[in-house]
Amino acid sequence: MNKQLHDSDSEIFRTAMGDVEPLEANRAEPYRERPPPVPRPQPEEDPAERPERLAESEVETHDYLIFARPGIQKRVVAELQRGRIQPEIEVDLHGLRVAHAQALLKDFFADCRHRRVRCARIIHGKGRGSDSRQPVLKCKVNYWLRLREDVLAFVSATRRDGGTGAVYVLLRNPDKGSQRRPQS
């Protein structure tokens, strides 16, 4: 559709554009790569506000172990206690020295992450064979599990799975923390 402009409209347009100068280039600027984003500087934390690491002496080890991070539903912990969340993998630590047990547990959690395990069982024993008649590995496992960010909850196992000589461990979903990027 070809529209005719009235002479008065053309005159108004020329008057409005009278002091405008034409551009030197008649093409758009070429695409330029954007610089990478620079992260904002984080304010330094006051040492008084920094969360302290949990000291081993602060952790009490009772006969029955139970621990859940804040935000874990009571229903989920109850299901774990009843043994309704089946452990997919287990490791037996009882009878080992502390250093060997700690190294084995570290490898075990790496394997759990690789296999995408949601629930695992750790057999630590009841500690009746130790010199002090105190459960050394049970205390250590209780402490070590509380330090791990990927452990959401743990409870002593049911009698059929080792009772107070083992724990069920509920692990964080490895996909939850990662951000998915669009595939190109």
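## A five-stranded sheet and its packing

In this predicted model, strand 4 (residues 151-156) and strand 5 (residues 166-171) are paired in the antiparallel sense over 5 bridges. Within this pairing, V155 stands opposite Y168 of strand 5, and A153 has L170 of strand 5 as its bridge partner. Strand 4 also pairs with strand 1, again in the antiparallel sense, here over 3 bridges, and F67 is placed opposite F154 of strand 4.

The residue pairs named above are set out here.

| Residue | Residue opposite or bridge partner | Strand of the second residue |
|---|---|---|
| V155 | Y168 | strand 5 |
| A153 | L170 | strand 5 |
| F67 | F154 | strand 4 |

These pairings belong to an open sheet of 5 strands, in which the order is 1-4-5-3-2 and the pairing is mixed. Strand 1 (66-68) and strand 2 (89-92) form the edges, each pairing on one side only. On average, and with direction ignored, neighbouring strands of the sheet are turned by 20° against each other.

Helix 2 (residues 74-81) packs on the sheet, where it touches strand 1, strand 3 (119-123), strand 4 and strand 5, and its direction makes about 45° with that of strand 4. Helix 3 (residues 98-115) lies across strand 2, strand 3, strand 4 and strand 5, and runs at about 175° to strand 2. Strand 4, which is touched by helix 2, is mostly covered, with 6 of its 6 residues buried.

In soluble globular proteins, nonpolar side chains tend to be buried together. Here the largest nonpolar core has 24 residues, and those with the most contacts inside it are I122, L145 and V169. Two or more residues of this core come from each of strand 2, helix 3, strand 3, helix 4 (136-147), strand 4 and strand 5. If neighbours within four places in sequence are left aside, the contacts of I122 include V91, L93, L105, F108, F109 and V141, as well as L145, G165, A166, V167 and V169. A second, separate core has 11 residues, among them L80, L152, A157 and A166.

One residue outside these elements deserves a separate note. R116 lies in the loop between helix 3 and strand 3, and its phi is near 60°, a positive value in a residue other than glycine. With a relative accessible area of 45%, R116 is partly exposed.

Definitions and conventions: Residues are numbered from 1 along each chain as its sequence is written. This is a predicted model: local features need pLDDT of at least 70, side-chain atom pairs count only at pLDDT 80 or more; totals for chains, interfaces and linings use all residues. Side-chain values use heavy atoms; hydrogens and water are left out. Two strands pair if DSSP finds at least two bridges between them. Helices (H or I, at least four residues) and strands (E, at least two) are DSSP runs, numbered from the N terminus. Axes are lines fitted to C-alpha atoms, for helices over the stretch in contact, and angles run from 0 to 180 degrees between N-to-C directions. Contact means heavy atoms within 4.5 Å. Buried means under 20% relative accessible area, exposed over 50%, partly exposed in between (1.4 Å probe, protein chains only). A nonpolar core is a set of buried Ala, Val, Leu, Ile, Met, Phe, Trp, Tyr and Cys residues joined through side-chain atoms within 4.5 Å.
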